[in-house]
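Here's a quick walk through one fold, strand by strand. Have a look at the model first, then read on.

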Amino acid sequence: MKILVSTVMLLILTACSNVPVAIKNAPSPDLQLAQLSGKVNAHQGEKVRWGGQIVKVENTDNGSTLHIAQFPLNSFGRPNIEADSDGRFLAQTNEFIDPYIYKEDTRVTVTGLISKQDTITVDKKTMTVPVVQISDIYRWTVSSYEGDPDWRGYPYYYDHFGYGVSYPRSRSHWHYGRGFYW
């Protein structure tokens, strides 16, 4: 019986993990953007895993460039936009990146090799930023429940009648702003 329960739990846990291994696991050594300040040429060709929020997507005939505001990654490789940013970086690929799918403010995690540094202008400020040649990119989607007033990050919500937690039958039964559910 223990083997059956263990197997089922293992299958459930692996089914929930859809983040690619290259995104989930940090390379060794795990270079951070702040460590490269002025030393990009010394780390050229090294593998990094960085993430953040897309500021802009530029497409040309030769490929695409993502302008990304960097944020530290959590243990799953997801950018934590509540934390302080170390700056910006560019992520380039020879593929076309659709700006409709990779919109401004989309959270992404990128793995790749440091290829060079480039100069960009933000408002009237000119800055030098590292460029990563993308090998893997993962677009984080916003959970459909993040905006729900009673969502706590798991599939249960608080029952306002004081009977504990309940599992919603369908979202059509959820009524916001009334303090209870029909």
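Strand β4 (residues 107-122) and β5 pair in the antiparallel sense, with 15 bridges between them. A word on terms: strands are DSSP runs (E, at least two residues), as helices are (H or I, at least four), numbered from the N terminus, and two strands pair if DSSP finds at least two bridges between them. Within this pairing, Ile 114 sits opposite Val 132 in β5. The hairpin of β4 and β5 has 2 residues between the strands, and Asp 123 takes a positive phi near 55° there.

Before going further, some ground rules. This is a predicted model, so to speak of local features takes a pLDDT of at least 70 and side-chain atom pairs count only at pLDDT 80 or more, while totals for chains, interfaces and linings use all residues. Residues are numbered from 1 along each chain as its sequence is written, and side-chain values use heavy atoms, with hydrogens and water left out.

**The barrel**

Zooming out, the strands form a closed barrel of 5, in the order β1-β2-β3-β5-β4, with mixed pairing. On average, neighbouring strands of this sheet are turned by 40° against each other, direction ignored (axes are lines fitted to C-alpha atoms, for helices over the stretch in contact, and angles run from 0 to 180 degrees between N-to-C directions). Here are some of the pairings, each with one facing pair of residues:

| Strands | Sense | Bridges | One facing pair |
|---|---|---|---|
| β1 and β2 | antiparallel | 9 bridges | Gly 51 and Phe 71 |
| β2 and β3 | antiparallel | 7 bridges | Ala 69 and Arg 88 |
| β3 and β5 | parallel | 3 bridges | Gln 92 and Gln 133 |

Val 132 in β5 turns up again here, as it also stands opposite Ala 91. What about β3 (residues 87-93) itself: is it enclosed or not? Of its 7 residues, 5 are buried, so the rest of the structure largely encloses this strand. Buried means under 20% relative accessible area, exposed means over 50%, and partly exposed is in between (1.4 Å probe, protein chains only).

**Aromatic pairs**

A search of the whole structure turns up 2 aromatic pairs. Trp 50 and Phe 89 meet edge-to-face, 5.2 Å centre to centre with 70° between the planes. That pair links distant parts of the chain, with Trp 50 in β1 and Phe 89 in β3, 39 residues apart. Both Trp 50 and Phe 89 are buried. Tyr 138 and Trp 140 are edge-to-face too, at 4.7 Å centre to centre and 75° between the planes, and both are buried. For the record, rings of Phe, Tyr and Trp (its six-membered ring) pair if their centres lie within 6.5 Å; planes under 30 degrees apart count as stacked, over 60 as edge-to-face and the rest as tilted.

**A buried arginine and an exposed alanine**

Arg 49 lies in strand β1 (residues 47-60). Which side chain of opposite charge is nearest to Arg 49? That would be Asp 30, 4.6 Å away, and buried Arg 49 has no salt bridge (a side-chain nitrogen of Lys or Arg within 4 Å of a carboxyl oxygen of Asp or Glu). Instead of that, look at the backbone: the Arg 49 side chain reaches the backbone oxygen of Ile 23 at 2.7 Å and that of Lys 24 at 2.8 Å.

Ala 42, in the loop between α2 (21-24) and β1, is exposed, with a relative accessible area of 63%. Its C-alpha atom is separated by 9.9 Å from that of Lys 116, 74 residues apart along the chain.

Definitions and conventions. Lys, Arg positive; Asp, Glu negative; His and termini not counted. Polar contact = N/O pair within 3.5 Å; in protein donor to acceptor, adjacent residues only side chain to side chain.
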